[in-house]
Every structure is written in C-alpha cells, then in structure tokens.
Amino acid sequence: IDRGKEVDKRSCGALETGICVQCQVCDIMCGEGGAGTFSDGTLNLRYDIGGNLLEFIDTVEDAWKIIDDVDRIFLRFGAPAKLSNPSKSKKITELEHRAASVGARFINIPQRHIGSDKAPRVIRNITDDLKSKGITFLFETEIEDLIVEEGKCKGVTLKNDEGTKIMSEFTLSSPGRVGIGWVEEMVEKHN
C-alpha cells in the first residue's frame with residue numbers, strides 16, 4: 001500500500017525546472033520504490049554503513065550474507081554488473097591517514113551504482129516479479145489507521161469512503177522520511 005504512484009506514472013516538474021511546487025503527494029518521495037527510485041541508485045555494500053545490521057543480526061557473517069543476498073537480488077533485476085571497489089592503494093592509504101589524523105576513520109565501501117536512469121526499471125522489474133507471485137499492490141492509497149487488537153497489529157484501515165479494512169498476519173510499515181509524522185501519530189495512538 002503506497003500513497004504514491006506506480007514508478008511509470010511518477011514525475012516531478014522540479015527535476016525539469018529546479019523549482020518544487022509542493023505537490024500534495026510528492027512523486028520524488030512517495031510511490032513505487034520510494035525515494036530511492038529517483039536517487040543516484042548507489043548501493044553501499046557494507047553492513048555497517050547507513051545503519052548497523054549487527055544491531056539486528058547475530059554475526060558479522062550473517063550480516064555479510066544479507067548484504068550479498070540484497071546485491072544478488074538487484075543484479076537479478078537489472079542492476080549493472082560493474083562493482084566499484086577501490087582496492088588498497090597509495091591514495092586509499094593516504095585517505096586513511098588523513099582521516100585518522102583528525103580522529104575519524106576512512107571506510108572503503110564497495111558500491112554498485114545503478115544510476116538514476118536505470119533505477120526505475122530495476123524497481124519495476126522487482127514489482128513485476130512480485131506481482132507474478134500473487135502480491136497485490138495498492139498505489140495512490142493511504143492508510144488511515146492500524147488495526148490493533150490485544151497489543152498486536154492485525155491489519156490496516158484505508159483512508160477511503162468505505163474505510164476498507166485489510167487484515168493481515170503481519171504488518172510491515174516502511175513509510176520513509178515523508179511518513180515520520182504518521183508513524184509518530186500511530187505510536188502515540190496505539191502505545
């Protein structure tokens with residue numbers, strides 16, 4: 001369920017004009033693939049960058065396995081095979097020393113650059129595969145509320161004229177930055 005549009009219907013005038021017109025539902029931030037759809041499409045392939053998987057995973061080996069699995073998924077759906085992985089060199093050593101001299105640590109990060117031109121196609125390929133497996137997507141649809149019974153989320157109520165309820169064994173919420181206010185509202189209401 002996403003309040004934004006399918007990837008092929010998303011567009012933003014600000015990409016052309018450089019001026020944001022404050023759309024009610026932002027096509028950059030909302031929609032199939034989320035904000036990453038129109039980013040530069042770079043995957044940082046380390047478990048300790050952009051958060052630390054070890055907060056959720058027991059071992060470094062398991063964390064690396066997840067990173068490898070995610071990378072393979074993106075490759076399977078059209079990400080370029082080229083991997084940027086700067087090898088240990090004089091320049092890398094120099095950066096490590098410069099960072100250490102100010103109390104920081106330079107981290108060499110393997111990256112897969114998908115590119116803003118290819119990311120929407122990769123996202124579309126992932127969605128098409130999920131649809132072929134019976135997954136239903138509801139775009140341009142907002143969630144009004146969570147259905148919480150005995151301290152467990154049992155589904156959602158849609159923001160529509162009928163107040164449609166969708167029940168589920170599991171509910172995963174990932175509204176991104178744009179939905180933080182909604183998340184705060186739900187935590188306050190159901191805590």
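This is a short tour of the structure above, stop by stop, for you to follow in your viewer.

You're looking at a predicted model, so local features need pLDDT of at least 70 and side-chain atom pairs count only at pLDDT 80 or more, while totals for chains, interfaces and linings use all residues. Numbering runs from 1 along each chain as its sequence is written, and side-chain values use heavy atoms, with hydrogens and water left out.

**The whole chain.** Start with a cartoon view. You should find five helices and five strands, where helices (H or I, at least four residues) and strands (E, at least two) are DSSP runs numbered from the N terminus. Walking along the sequence, the order is α-β-α-α-β-α-β-β-β-α. Along the principal axes, the C-alpha atoms take up a box of roughly 65 × 45 × 35 Å.

Now switch on the contacts (heavy atoms within 4.5 Å). Among those with a separation of 6 or more, 56% join residues 24 or more positions apart.

**The core.** Colour by burial next: of the 191 residues, 24% are buried, meaning under 20% relative accessible area with a 1.4 Å probe and protein chains only, against over 50% for exposed and partly exposed in between. Then select Leu-43, Leu-45, Tyr-47, Ala-63, Ile-67, Phe-74, Phe-77, Ala-79, Ile-114, Ala-119, Val-122 and Ile-126, the 12 residues of the largest nonpolar core. Such a core is a set of buried Ala, Val, Leu, Ile, Met, Phe, Trp, Tyr and Cys residues joined through side-chain atoms within 4.5 Å. Helices α2 (60–76) and α4 (119–132) are the elements that give two or more residues to this core. In soluble globular proteins, nonpolar side chains tend to be buried together.

**The cysteines.** How many disulfides does a search of the whole structure find? Zero, taking a disulfide as a pair of cysteine sulfur atoms within 2.5 Å. Select Cys-23: its closest cysteine sulfur, in Cys-12, is 6.3 Å away, too far for a bond. Cys-23 is partly exposed, at 49% relative accessibility. Cys-30 is also out of bonding range, because its sulfur is 6.2 Å from the closest one, in Cys-26. Cys-30 itself is buried, at 4%.

**A loop glycine.** Last stop: Gly-51, in the loop between β1 (42–44) and α2. Gly-51 is partly exposed, with a relative accessible area of 43%. Draw a C-alpha to C-alpha distance from Gly-51 to Met-167 and you'll get 31 Å, for a pair 116 residues apart in sequence.
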